[in-house]
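Welcome! Here is a short tour of two ligand surroundings, a nonpolar core and a pair of helices. Please have the structure open as you read.

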Amino acid sequence: MVVEKKKKRGKSEAADPQPRGGGSRDHLLCDTMWRRRVGALLLRPRSPLPPPSSTLRRHLPDHQGSDGGNSRKPFIAFVLGGPGSGKGTQCARIASDYGFAHLSAGDLLRNEISSGTEKGELILDIIKQGKIVPSEITVELIRKAMESTDAKRVLIDGFPRCEENRIAFERITGTEPDLVVFFDCPEDEMVKRLLGRNQGRVDDNIETIKKRLKVFESLNIPVIDYYSSRGKVHKINATGTEQEIFGAVRKLFSSLRF
Ligand SMILES: Nc1ncnc2c1ncn2[C@@H]1O[C@H](COP(=O)(O)OP(=O)(O)O)[C@@H](O)[C@H]1O
Ligand SMILES: Nc1ccn([C@H]2C[C@H](O)[C@@H](COP(=O)(O)OP(=O)(O)O)O2)c(=O)n1
Ligand SMILES: [Mg+2]
């Protein structure tokens, strides 16, 4: 299924995950520019990737294992949608009804902020500006979270946010999602929900919300288009009550063979 692009989105912009242009489009930058700006932190020599641990080996594609199938990779669903589209709300319900582990990229990043490290300060600064955290940081957090769960079904909520996220995930974990769920919601509804979220988040203010919506259009839609072209995207209309939306979610998840 190919995801229809909204009329107002220019074709060339959607196809260009790394928009070119001057400083006025600074809010659209993905992690490449940030890596330059925070070089001291990110350019520390990285140790070569270790061989996959036995847990991570479960995530390698087509790995059958030698223990009667127990080491097979889990079923992975990426859950995407604009800010405020209801990803977190629906993921909580899916996790509880279908036995998925719920890994929220945003929550993992916010936990890192709470730890008060230098990396946490960098993440906070980026999130306040509505931008995307460098992929090395986010993928590493997700990889660790995946390693520490034994769940056979995993929801990865709010990731990948841009092509660099996607490519880094595939490179580091050696796997791809089995399914991509896209919660499709009009912007005015997302803004209304975010302004009413009331969770004390530093990015739930109108200035940051506007930037996040632009980042979503420019950097996240190309990821959805990529997975659409590979037949992995299931689009769900994210308007209506939580219960109505979960009705559509249930239809999808009940039809899956894990
Ligand atoms: N269908 C819905 N109708 C109205 N409000 C909703 C709906 N789904 C979620 N919300 C509320 O909207 C806000 C954003 O939802 P959330 O699940 O955090 O979205 P996301 O994770 O995509 O940003 C929350 O306050 C949530 O309670
Ligand atoms: N893959 C990700 C996920 C989130 N982030 C950052 C940037 C996002 O605006 C914030 C908040 O993400 P989160 O998924 O919690 O936000 P929403 O649920 O869409 O409102 O975290 C990121 O940089 N990379
Ligand atoms: Mg969320």
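In this predicted model, helix H5 and helix H6 (105-114) each contribute at least two residues to the shell around ligand 2. H6 provides the largest share of that shell, with 3 residues. Among the 18 residues around ligand 2, those that come nearest are Ala 105, Gly 106, Val 133, Gly 158 and Arg 161.

Now to ligand 1, where helix H5 (87-98) appears again: H5 and helix H12 (242-254) each supply at least two residues of the shell. Here the largest share, 3 residues, comes from H5. There are 14 residues around ligand 1, and Gly 86, Lys 87, Gly 88, Thr 89 and Arg 193 come nearest.

The make-up of the two shells by class is set out here.

| Shell | Nonpolar | Polar | Charged |
|---|---|---|---|
| Ligand 1 | 2 residues | 8 residues | 4 residues |
| Ligand 2 | 7 residues | 7 residues | 4 residues |

Let us turn to the protein interior. The largest nonpolar core holds 51 residues, and Val 79, Ile 142, Leu 155, Ile 156 and Phe 182 have the most contacts inside it. Helix H11 (residues 206-229) gives the most to this core, contributing 8 residues.

How do helix H8 and helix H9 cross, at what angle roughly? The axes of H8 (residues 135-147) and H9 (residues 163-173) come within 9 Å and cross at roughly 45°. The two helices, H8 and H9, are therefore oblique to each other. As for handedness, H8 passes H9 in a right-handed crossing.

Note on methods
Residues are numbered from 1 along each chain as its sequence is written. Chains are lettered from A and ligands numbered from 1 in the order in which they are written. This is a predicted model: local features need pLDDT of at least 70, side-chain atom pairs count only at pLDDT 80 or more; totals for chains, interfaces and linings use all residues. A residue is near a molecule or strand if its C-beta atom, placed from the backbone, lies within 6 Å of it. Helices (H or I, at least four residues) and strands (E, at least two) are DSSP runs, numbered from the N terminus. Ala, Val, Leu, Ile, Met, Phe, Trp, Tyr, Cys and Pro count as nonpolar, Asp, Glu, Lys and Arg as charged, and the others, Gly among them, as polar. A nonpolar core is a set of buried Ala, Val, Leu, Ile, Met, Phe, Trp, Tyr and Cys residues joined through C-beta atoms within 7 Å. A residue is buried if 20 or more other C-beta atoms lie within 10 Å of its own, exposed if 12 or fewer, and partly exposed in between; C-beta atoms are placed from the backbone. Axes are lines fitted to C-alpha atoms, for helices over the stretch in contact, and angles run from 0 to 180 degrees between N-to-C directions. Angles under 35 degrees count as roughly parallel, over 145 as roughly antiparallel, 65 to 115 as roughly perpendicular and the rest as oblique. A crossing is left-handed if the near helix is turned anticlockwise from the far one by less than a right angle, and right-handed if clockwise.
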